[in-house]
Amino acid sequence: MSSNFLMGDTSSSLPKLLSMEFQNDEDYHVTVRDAITRKLFDALLYSNRKEERCAGTVWLLSLTVYCGHHASIQQLLPDIQEAFSHLIGEQSELTQELASQGLSIVYEIGDESMKKNLVNALVGTLTGSGKRKRAVKLVEDTEVFREGAFGESPSGGKLSTYKELCNLANEMGQPDLIYKFMDLANYQASLNSKRGAAFGFSKIAKHAGDALKPYLGALVPRLVRYQYDPDKNVQDAMAHIWKSLVADSKKTIDEHLDLIFDDLLVQCGSRLWRSREACCLALADILQGRKFDQVEKHLKRIWIAAFRAMDDIKETVRNAGDRLCRAVASLTGRLCDVSLTPVLEARQTMAVVLPVLLTDGIMSKVDSVRKASIGMVTKLAKGAGVAIRPYLSDLVCCMLESLSSLEDQGMNYVELHAENVGIQTEKLENLRISIARGSPMWETLEFCIDVVDSHSLELLVPRLAQLVRSGIGLNTRVGVANFIVLLVQKVGVGIKPFTSILLRLLLPVVKDERSASSKRAFANACAIVLKYAAPSQAQKLIEDTSNLHSGDRNDQISCAILLKSYASTAADTLNGYHTIIVPVLFVSRFEDDKIISSLYEELWEENMSSERITLQLYVGEIVTLINEGIMSSSWASKKKASQAICKLSEVLGESLSSHHNVLLTSLMKELPGRLWEGKDAVLNALSALCTSCHEAISASNPDAPNAILSLVSSACTKKTQKYREAAFCCLEKVIKAFNNPEFFNMVFPSLLEMGNSLAPVKSGQISLPDDVKADVPDSSPAALHEKILSCVTACIHVARIGDIVNQQKNFIDLYLSSLSPTFPWTVKMSVFSSIKELCSKLHSAINNLQDSSMQTSITAFVHELFYTLSPEVLKSLRTIKIGQVHIAAAECLLELTNQYKAAPPIHWTELAFTNELLDLCEVEKSEQAKSLLKKCSDILGKLKQDIKS
């Protein structure tokens, strides 16, 4: 049966029906009519089989069309209306169409009350507020879904009847699934009811006219939404109703815009994906070209709805959400652009949208939402101009926090394991910062800088200060510091009211930062604020910065970084405080930590044009700081100050004399007492100071040299190897510096005693050949013995000739023991130098003395030295295979030979080592040593001839 046949010209058939005369008994007809109606309403129309319901619909429509004005049908019109309203939700499109046409016929033949009830029922069905009064009872073979619409069971069976769905739920071990299946079935029936109602409603609308106007407020929002339903059939049906109801579509939507927005925004949160998708698509279209007053109340909810849809579980809804987001972003951008919208409306739009973007958008965990929000914020910052000023503080802080929160978490993982894979942490940090500076968030911050004024600065600076205290993440912290730099560059002197709070905040932050990149960034921020600080603030900041040099390693690095930033950014301000800065830079150059010392060394070289002139200008302040370091309880400070004294003495020399007393007192006070690591630096400082200021020390206090010598000599007796070596070096320099002949008798006996104590071979010690010992580090006795010999050499240099002659036996014994195989070649080199110094001293005495008895003693000493030491020197030449030793030994032998020649014996004595000298001369590989040995041989040969002749 086709719908066209059923909808034939009923106007001509109904009058004929009324004029028919029934020839049979009326009671019989009543009985038949009752049987037919019971069969229809009790059996067919509400049957659990769809074929019977379809057949009952055909019968009911036929009775309504052809017998509609009969009294019995008129009485049944409420029941007929209810049946047709129920049947429009059938899955069968034929049943739906027949039922909807039946509703149209009922509306035509019903009275006013019936028409009103029917319109209410249809509106309720379309709006979803209508309820069924009677339901179809489910049995095993009741078809719940169309065959194939719900797929197949795991075993490959069909899934359409109630029994098959129950079996599937039981097989899956989740009996409660049947309720979800039935919920889907009810939703499908509801959708079918709307589609079926639409077929009938379009016909009724033509007849209802003004009767439908009271329902437009409820119908229009639903019809708008249903026109975007994913089901094409529903779209077409609702579009048909829309054309029937609405003459001017744009006008109708404008009149009911608030209701449409409210309905769509509510349904955006529906549990039905079809509704969520339809609402997003509808909103995206309706938003086109809207003005601020039309969307003001709904703009915030629209953004939230778009974000929610972009995170939907269903892909089609997410796509619709993306489309809605693009639409609302376009609208927002236009409403916030001061070139297209009045400034007042732009600010109001900003007040609505910006908080949503900063809280719900950028902070979202959904990538698409974050990207869309950041893009929108960047667009707003670029186009809003001055309209964005009231919201600068929120916007700037959000963008700065986003630099870290939106960073790829993989970067944090890489940095955590950087050392394990050989990546330098600082390089990785610089890479992360570089990526952040190229992000949309930083672009937005640059736009914000352009619109900052004095009023917005008052709101912005406290927020920045809070972010400096509590901000986390490398990019955020570096970003805050860099933003402060840009901000100060932009506002210039406008930052002056805030310099105090910023300086108090930034200095501790630089100190506390562990990241080198963050530390430098905050140091730069501190430096640029310093440019505009008041003199009292600048002085306090520089003093506090300088005081950091005496702290731990982190404080020292912080001090260097800060001073470097001050020098590069606020050089004019810093120039007035060189009396504070120069001493810190000079002393800190001598830190043990090479990284720290290199930082201060670089600062010194960059900012001090001439080292000597700078030290002369600020020597007083430097000495004061050095003295504080020596007197401090920190061993590291004592050592650093001592090394600074060495450098100061080296550069200034006698110019340091005016301050020698302070330094000498501190050093002599520090020298006694317990040993600590690095105390040898105090000895080095004392020797350097004595070398440069010996005249001033002797002039100011004649007893000072002896006191110094006594302290140093005492230090030479300590047991610590390194400290003893430093003490002997210091003793040598002190003896040379003061050049006091009395020092010989004061020092030489103790030196001799210590040298003799080191000479014997220890029990169990194996003596190595000297050429092997050349590759072995100096043993403790050998190193000390070498230092002792150097001190002996210094004593010879300052001693009186008589004192030397009195100790001739001790000299010879010391030299002989020192030339033994027990000691390595380095000790022998010191012996050769000492012998040459002694020969030089004796030669000078022979030429200058007039006392014959003394000359005789010196001559005897020379002969003894020559006869005793020459064989040992030749032995060293034979046993040691080192070229520089051969040269030194040959020079020593030549010096002894020359002294022997200068004071020849009266009678020639044959020398046992002459042949050995000739042999060594032949085999010597060093040309220089060979030449010297040849000279020795020639001198001895000529001397022999002269004496015998």
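**Exercise 1. Classify Lys564 and Glu602 by accessibility, and describe how the two side chains are paired**.

Solution. In this predicted model, Lys564 has a relative accessible area of 38%. Buried residues lie under 20% and exposed residues over 50%, so Lys564 counts as partly exposed. The same test is applied to Glu602: at 32% relative accessibility, Glu602 is therefore partly exposed. Next comes the pairing. The closest N and O atoms of Glu602 and Lys564 are 3.1 Å apart, and the residues form a salt bridge. Finally, the pair is placed along the chain: Glu602 belongs to helix α32 (residues 594-607) and Lys564 to helix α29 (residues 553-569), so that distant parts of the chain, 38 residues apart, are linked.

**Exercise 2. Determine whether the partners in the salt bridges Glu591 with Lys640 and Arg274 with Asp231 are buried or exposed, and locate them**.

Solution. The structure holds 29 salt bridges. In one of them, Glu591 and Lys640 bring their closest N and O atoms to 2.6 Å. Glu591 lies in the loop between α31 (578-588) and α32, while Lys640 lies in helix α35 (residues 635-652), 49 residues apart. Both Glu591 and Lys640 are buried. In another, the side chains of Arg274 and Asp231 meet at 3.8 Å, N to O. Arg274 is in helix α14 and Asp231 is in the loop between α10 (216-226) and α11 (232-245), 43 residues apart. Arg274 and Asp231 are both buried.

**Exercise 3. Verify the length of helix α16, and state what its buried residues pack against**.

Solution. Helix α16 has twelve residues, 299-310. At 1.5 Å a residue the expected span is 16 Å, and the end C-alpha atoms are 17 Å apart, which agrees. The buried residues of α16 include Leu299, Ile302, Trp303, Phe307 and Met310. The buried residues of α16 pack against α13 (257-267), α14 (273-286), α15 (292-295), α17 (315-336), α18 (343-361) and α19 (367-384).

**Exercise 4. Identify the residues that touch the most other members of the largest nonpolar core**.

Solution. The largest nonpolar core has 261 residues, and within this core Trp303 and Ile626 touch the most other members. Apart from neighbours within four places in sequence, Ile626 is in contact with Phe586, Val587, Ala641, Ala644, Ile645, Leu648 and Leu663. A second, separate core of 22 residues includes Leu40, Leu45, Leu60 and Ile109.

**Exercise 5. Describe the ring geometry of Phe744 with Phe811 and of Phe811 with Tyr815**.

Solution. The structure holds twelve aromatic pairs. For Phe744 and Phe811, the ring centres are 6.2 Å apart and the planes meet at 25°, so the pair is stacked. Phe744 is in helix α40 (residues 742-758) and Phe811 in helix α44 (residues 808-818), 67 residues apart. Phe744 and Phe811 are both buried. For Phe811 and Tyr815, the centres are 6.1 Å apart and the planes are at 35°, so the pair is tilted. About one helical turn separates Phe811 from Tyr815, because they are four residues apart in helix α44. Phe744, Phe748, Phe811 and Tyr815 together form one aromatic cluster.

**Exercise 6. Determine which rings lie under the charged ends of Arg225 and Lys314**.

Solution. For Arg225, the charged end sits over the ring of Tyr226, 5.1 Å from its centre. For Lys314, the charged end sits over the ring of Trp273, 4.4 Å from its centre.

How values were computed:
Residues numbered from 1 in each chain as written. Predicted model: local features only at pLDDT ≥ 70, side-chain atom pairs only at ≥ 80, totals over all residues. Heavy atoms only, no water. Helix = DSSP H or I, 4+ residues; strand = E, 2+ residues; numbered from the N terminus. Expected span 1.5 Å × (residues − 1). Buried < 20%, exposed > 50% of the residue type's maximum accessible area, 1.4 Å probe, protein only. Contact = heavy atoms within 4.5 Å. Core = buried A, V, L, I, M, F, W, Y, C linked by side-chain atoms within 4.5 Å. Phe/Tyr/Trp six-rings, centres within 6.5 Å; stacked < 30°, edge-to-face > 60°. Lys NZ or Arg CZ within 6 Å of the ring centre and 35° of its normal. Salt bridge = Lys/Arg side-chain N within 4 Å of Asp/Glu carboxyl O.
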